[in-house]
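Grab a pencil and work through these exercises with the model open beside you. Try each task yourself before you read the solution.

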Amino acid sequence: MKDHYASLGLNSSASLADIKKAFRQQASLHHPDRNDDPGAPARFRAVQEAYDVLSDDSKRQAYDDNRRRNLLDSPIDTAREIWQNYFNRLNLDPH
């Protein structure tokens with residue numbers, strides 16, 4: 001399961017305004033037309049997917065419910081995935 005909040009650099013309590021602002025920043029940073037990094041297209045798609053889910057109330061609620069359920073089902077795997085996403089983001093982010 002992808003961590004859409006991490007893709008946008010947000011926590012799960014982010015408001016819709018925070019989500020929109022983070023999307024604009026991340027999309028601009030990782031847009032393939034502006035970023036020559038080979039990983040930019042994949043990062044840009046992840047940002048788009050995260051925005052698509054988190055900006056829609058019903059999709060976000062379903063995602064949050066599934067996210068909580070996965071955390072309870074397999075906390076070790078969930079923690080591992082969260083840390084991997086975090087470190088991958090650090091490796092991709094030039095700042």
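Let's begin with the surface: the chain exposes about 6,300 Å², and carbon and sulfur atoms supply 51% of that area. Keep in mind that this is a predicted model.

**Exercise 1. Get the overall picture**

Task: Find out how many helices and strands the chain has, and what share of its residues count as buried.

Solution:
- Step 1. Count the elements: you should get five helices and zero strands.
- Step 2. Read along the sequence, and the pattern comes out as α-α-α-α-α.
- Step 3. Now look at burial: 27% of the 95 residues count as buried.
- Step 4. Check the contacts with a separation of 6 or more: residues 24 or more positions apart account for 62% of them.

**Exercise 2. Ask how confident the predictor is**

Task: Work out which element has the lowest mean pLDDT and which has the highest.

Solution:
- Step 1. Start with the whole chain, which averages a pLDDT of 87. A score of at least 70 is reached by 89% of the residues.
- Step 2. Go element by element: α5 has the lowest mean, 75, and α2 has the highest, 96.

**Exercise 3. Sort out the aromatic pairs**

Task: Find the aromatic pairs and decide whether each is stacked, tilted or edge-to-face.

Solution:
- Step 1. Know what to look for. A pair of aromatic rings is described by the distance of the centres and the angle of the planes.
- Step 2. Count them: there are two aromatic pairs.
- Step 3. Take tyrosine 5 and tyrosine 63, whose ring centres are 5.9 Å apart with 50° between the planes. Planes under 30 degrees apart count as stacked and over 60 as edge-to-face, so the rest are tilted. This pair is tilted.
- Step 4. Place the two rings. Tyrosine 5 belongs to helix α1 (residues 4–8) and tyrosine 63 to helix α4 (residues 57–73), so the pair links distant parts of the chain, 58 residues apart. Both tyrosine 5 and tyrosine 63 are buried.
- Step 5. Move on to phenylalanine 23 and tyrosine 51, with 4.3 Å centre to centre and 20° between the planes; this pair is stacked.
- Step 6. Place these rings too: phenylalanine 23 is in helix α2 (residues 16–30) and tyrosine 51 is in helix α3 (residues 40–54), 28 residues apart.
- Step 7. Tyrosine 51 has a relative accessible area of 22%, so it's partly exposed.

**Exercise 4. Hunt for salt bridges**

Task: Find salt bridges that involve lysine 2, aspartate 3 and lysine 59, and say how exposed the partners are.

Solution:
- Step 1. Search the whole structure, and you'll find five salt bridges. We'll go through some of them.
- Step 2. Lysine 2 meets glutamate 49 through their side chains, 2.9 Å from N to O. Lysine 2 sits in the segment before α1 and glutamate 49 in helix α3, 47 residues apart.
- Step 3. Check exposure: lysine 2 has a relative accessible area of 49%, so it's partly exposed. Glutamate 49 is at 33%, so it counts as partly exposed.
- Step 4. Aspartate 3 meets arginine 67, with 3.7 Å from N to O. This pair links the segment before α1 with helix α4, across 64 residues.
- Step 5. Aspartate 3 is at 11%, so it's buried, while arginine 67 is partly exposed at 26%.
- Step 6. Lysine 59 forms a salt bridge with aspartate 52, and their closest N and O atoms are 3.2 Å apart. Lysine 59 is partly exposed at 38%, and aspartate 52 is partly exposed at 40%.

**Exercise 5. Compare two spots**

Task: Decide whether serine 7 is buried or exposed, then find the nonpolar patch that includes Tyr86.

Solution:
- Step 1. Locate serine 7 in helix α1. Buried means under 20% relative accessible area, and serine 7 has 10%, so it counts as buried.
- Step 2. List its neighbours, leaving out residues up to four places away in sequence: serine 7 touches Gln26, Arg43, Ala46, Val47 and Ala50.
- Step 3. Switch to tyrosine 86, in helix α5 (residues 75–92). With 38% relative accessibility, tyrosine 86 counts as partly exposed.
- Step 4. Now add its partners: Trp83, Tyr86, Phe87 and Leu90 form a nonpolar patch on the surface, with about 430 Å² of accessible area together.

Notes
Residues numbered from 1 in each chain as written. Predicted model: local features only at pLDDT ≥ 70, side-chain atom pairs only at ≥ 80, totals over all residues. Heavy atoms only, no water. Patch = residues over 30% accessible without salt bridge, like charges linked within 9 Å, V, L, I, M, F, W, Y side chains within 5 Å. Areas by Shrake-Rupley, 256 points an atom, 1.4 Å probe, with all protein chains shown as cover. Salt bridge = Lys/Arg side-chain N within 4 Å of Asp/Glu carboxyl O. Helix = DSSP H or I, 4+ residues; strand = E, 2+ residues; numbered from the N terminus. Buried < 20%, exposed > 50% of the residue type's maximum accessible area, 1.4 Å probe, protein only. Phe/Tyr/Trp six-rings, centres within 6.5 Å; stacked < 30°, edge-to-face > 60°. pLDDT = per-residue confidence, 0-100. Contact = heavy atoms within 4.5 Å.
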